[in-house]
Every structure is written in structure tokens, then in C-alpha cells.
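Good morning, and thank you for joining. I should like to take you through one structure, moving from the overall chain to individual residues.

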Amino acid sequence: MKPKVGFFSFTSCEGCQLQVLNLEEQLLDIAGAVDLVTFREAMDPIDRDYDIAFVEGSISRESEKVVLEEIRSKADVVVALGACAASGCVNAIKNHFTSEENLREVYGESARYYDTIDARPIDAVVAVDYYLRTCPITREEFLRLFTSLLLARRPYDPNFAVCVECRLAENICVYDTDEGEFCMGPVTRAGCGALCPGFGSACIGCRGFIEQANFESMLQVMEDYGMPREDAVNRLKMFNAALPEAEGVK
Ligand code: SF4
Ligand code: SF4
């Protein structure tokens with residue numbers, strides 16, 4: 001029996017679903033290995049039951065909580081598909097403001113027709129089994145996790161810093177160049193292969209934080225290299241404002 005697989009989407013740009021569809025050379029193999037029963041960006045639903053749910057997007061409306069809880073109750077395995085689902089991502093920048101302020105700013109006179117709550121990762125609402133954390137997910141990490149699920153292996157989800165992958169790739173540290181970049185690799189969870197530093201850009205923290213990240217040291221480094229404290233704090237929270245660890249970062 002092939003596992004039934006569904007792709008679902010909440011508050012997001014749906015770029016992570018698109019990354020799956022961009023797996024052009026592997027797509028037929030993927031579709032052949034499982035029964036795809038629903039995939040918002042690709043097909044109409046053909047079954048309301050599924051074993052594995054890939055859930056994209058953060059939760060930012062009360063009504064989304066109900067739908068997510070139903071997905072969880074049906075699926076044996078729930079995977080957070082991308083940074084919006086895994087950490088709240090840039091959606092959570094709105095959490096710096098009140099819901100009333102956000103509604104007024106975005107919808108003006110029509111604000112009363114909309115409901116909104118602070119954006120949160122899906123594991124703030126339901127239990128999550130596995131995470132794909134990048135914004136957007138990389139095709140490689142999707143294939144790695146998808147294969148692990150089919151082989152009943154525990155997926156790779158490192159809890160060490162992007163700096164480790166930078167060293168392995170023999171990248172030049174962003175702080176050792178004269179580009180004026182401020183990299184958050186020391187506190188950011190690896191798994192992307194140090195994608196951005198590999199192209200000479202700073203890591204901006206899209207994959208969330210490692211456990212026991214030393215935020216004070218990170219902020220001090222950014223200040224030492226010339227970034228004002230307030231900007232450094234905002235940079236740290238850009239993708240991660242919804243994470244509990246970010247609360248104490250000031
Ligand atoms: S994680 Fe990034 S690419 Fe994926 S849905 Fe969210 S904003 Fe879009
Ligand atoms: S280097 Fe940082 S910002 Fe770039 S993909 Fe990896 S975690 Fe995200």
C-alpha cells in the first residue's frame with residue numbers, strides 16, 4: 001500500500017509548494033511512490049483521507065487553527081513545510097503590532113470584515129513530527145525528507161549552526177570579507193548547506209535558531225561590525241519573531 005499524501009497551505013506565499021513542483025526531474029517518481037490525494041497548488045482533492053500531511057504556512061487566523069487540528073487528527077505524520085510553518089517566518093513581523101493596527105494598516109475602512117491573530121508556527125497549535133525549515137525549502141531537503149519517510153528512517157534535522165556547514169564547504173566567513181554583511185550563521189540552524197554564505201551573502205536566519213543560541217554574543221558581534229543594536233535585534237527577529245526564544249532578545 002502506498003502512503004496517501006496531502007499538501008496543505010495556510011498563511012504563506014506558497015513558494016514552498018512551488019519548490020516541490022519545481023522538482024521536474026523527480027516529480028513523476030514522487031507521484032509514483034505515493035498516492036497524492038490533495039495538493040493545493042497542483043490538483044483538486046481526490047480523497048479526504050491521508051497518511052502524511054505536508055503543511056505550509058503559519059497560522060494567523062482563528063479559523064486556520066480549526067482546519068489544522070482536523071488535518072492533524074487525520075494524518076499519521078505531519079511535516080512543517082517551510083519556514084512559515086516551522087517558525088512563523090516573515091509573517092510574524094506583524095506580531096510587533098496589535099491586530100487592530102495591522103487590520104487598519106492593511107484593510108483600512110474594510111478592517112471589520114477580517115479576522116487576524118498573531119502569526120505562529122504550526123507547532124504552536126498541533127504536534128509536528130518533522131520540519132523542513134528553509135524559506136523557501138530547498139528541493140534537496142524535500143527529497144531527503146521524503147525519501148526518509150518512505151524508508152521509515154528518521155529525517156536529517158541538524159541542531160548545529162550554519163557556521164559548521166560553512167566550514168565544511170570551505171566558504172570564506174562573511175565577517176572576513178569587506179562586503180559589510182552581517183551574518184546570523186552562528187545562531188541559525190544548519191541544514192541548507194550554508195546556502196547564502198556559499199554565494200557570498202550573509203545568512204539572515206530563515207531556518208530558525210539552534211537550541212541554546214547565544215543571542216547576546218551574536219548581537220555583540222553585529223554591533224562590533226557596525227550594526228546598531230536596534231537593527232541587529234530586528235535582523236535576529238526578521239524570520240523568527242514568533243519563536244519563544246526571540247521574546248527575550250532586546
Ligand atoms: S517559507 Fe518562504 S517561500 Fe515558503 S511559503 Fe513561507 S514565505 Fe513562502
Ligand atoms: S544560509 Fe541562512 S538565510 Fe540562507 S538559506 Fe541557510 S539558513 Fe536560510
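I will begin with the fold as a whole, then turn to the domains, the core, the two ligand sites and a few single residues.

Please keep in mind throughout that this is a predicted model.

Let me start with the chain. Its secondary structure consists of 10 helices and 5 strands. The radius of gyration is 19 Å, close to the 18 Å that the globule rule gives for 250 residues, so the chain is as compact as a globular protein of that length. Along the principal axes, the C-alpha trace spans about 55 × 50 × 30 Å. Of the 250 residues, 39% are buried. As for contacts with a separation of 6 or more, 72% of them involve residues 24 or more positions apart.

Next, the domains. The domain assignment places domain 1 at 4-150 and domain 2 at 162-248. Taken over C-alpha atoms, their centres are 25 Å apart. Where they meet, 18 residues of domain 1 are in contact with 13 residues of domain 2. On the domain 1 side, helix α4, residues 83-87, provides the largest share of the touching residues, namely 3. That side of domain 1 comprises 9 nonpolar, 6 polar and 3 charged residues.

I turn now to the interior. The largest nonpolar core contains 63 residues, and those with the most contacts inside it are I52, A53, V55, V79, A80, L81 and L132. Where does this core lie with respect to the two domains? Both domain 1 and domain 2 give residues to it, so the core lies between them.

Two members of that list deserve a closer view. V55 belongs to strand β3. Is V55 buried or exposed? A residue counts as buried if 20 or more other C-beta atoms lie within 10 Å of its own; V55 has 28 such neighbours and is therefore buried. Setting aside residues up to four places away in sequence, V55 touches F8, L68, I71, V78, V79, A80, L81, A85 and I122. The C-alpha atoms of V55 and C16 are separated by 9.8 Å, although these residues stand 39 residues apart along the chain. The second is L81, which, leaving aside neighbours within four places in sequence, is in contact with C16, F54, V55, E56, L132 and I137.

This brings me to the ligands. Which residues are found around ligand 1? They are S12, C13, E14, G15, C16, E56, G82, A83, C84, C89, C135 and P136. Helices α1, residues 15-21, and α4 each supply at least two residues of this shell. Helix α4 has already appeared, as the element giving the largest share of the domain 1 side that touches domain 2. By class, the shell around ligand 1 has 7 nonpolar, 3 polar and 2 charged residues.

Some members of this shell have notable backbone geometry. C135 and P136 are joined by a cis peptide bond, with omega about -15°. P136 itself sits in the loop between β5, residues 130-132, and α6, residues 139-150. E14 is not a glycine, yet its phi is positive, at about 65°. E14 is located in the loop between β1, residues 4-9, and α1. With 16 other C-beta atoms within 10 Å, E14 is partly exposed.

Around ligand 2 there are 13 residues, of which the closest are C192, C196, C203, C206 and R207. Helix α8, residues 195-198, gives the most to this shell, with 3 residues. By class, the shell around ligand 2 has 9 nonpolar, 3 polar and 1 charged residues.

Finally, two residues in loops. A152 is found in the loop between α6 and α7, residues 162-168. Phi of A152 is near 55°, a positive value in a residue other than glycine. How many C-beta neighbours does A152 have inside 10 Å? It has 6; the limit for an exposed residue is 12 or fewer, so A152 counts as exposed. R48 is in the loop between β2, residues 35-39, and β3, residues 52-56. R48 is likewise exposed, with 11 other C-beta atoms within 10 Å. The C-alpha atoms of R48 and G6 are separated by 9.0 Å, while the two residues are 42 residues apart along the chain.

To close, I return to the core: it draws residues from both domains, and so lies between them. Thank you; I welcome your questions.

Methods:
Residues are numbered from 1 along each chain as its sequence is written. Chains are lettered from A and ligands numbered from 1 in the order in which they are written. This is a predicted model: local features need pLDDT of at least 70, side-chain atom pairs count only at pLDDT 80 or more; totals for chains, interfaces and linings use all residues. A residue is near a molecule or strand if its C-beta atom, placed from the backbone, lies within 6 Å of it. Helices (H or I, at least four residues) and strands (E, at least two) are DSSP runs, numbered from the N terminus. Ala, Val, Leu, Ile, Met, Phe, Trp, Tyr, Cys and Pro count as nonpolar, Asp, Glu, Lys and Arg as charged, and the others, Gly among them, as polar. Domain bounds come from an automatic or database domain assignment. Two residues are in contact if their C-beta atoms, placed from the backbone, lie within 7 Å. The radius of gyration is taken over C-alpha atoms; the globule rule is 2.2 Å times the number of residues to the power 0.38. A nonpolar core is a set of buried Ala, Val, Leu, Ile, Met, Phe, Trp, Tyr and Cys residues joined through C-beta atoms within 7 Å.
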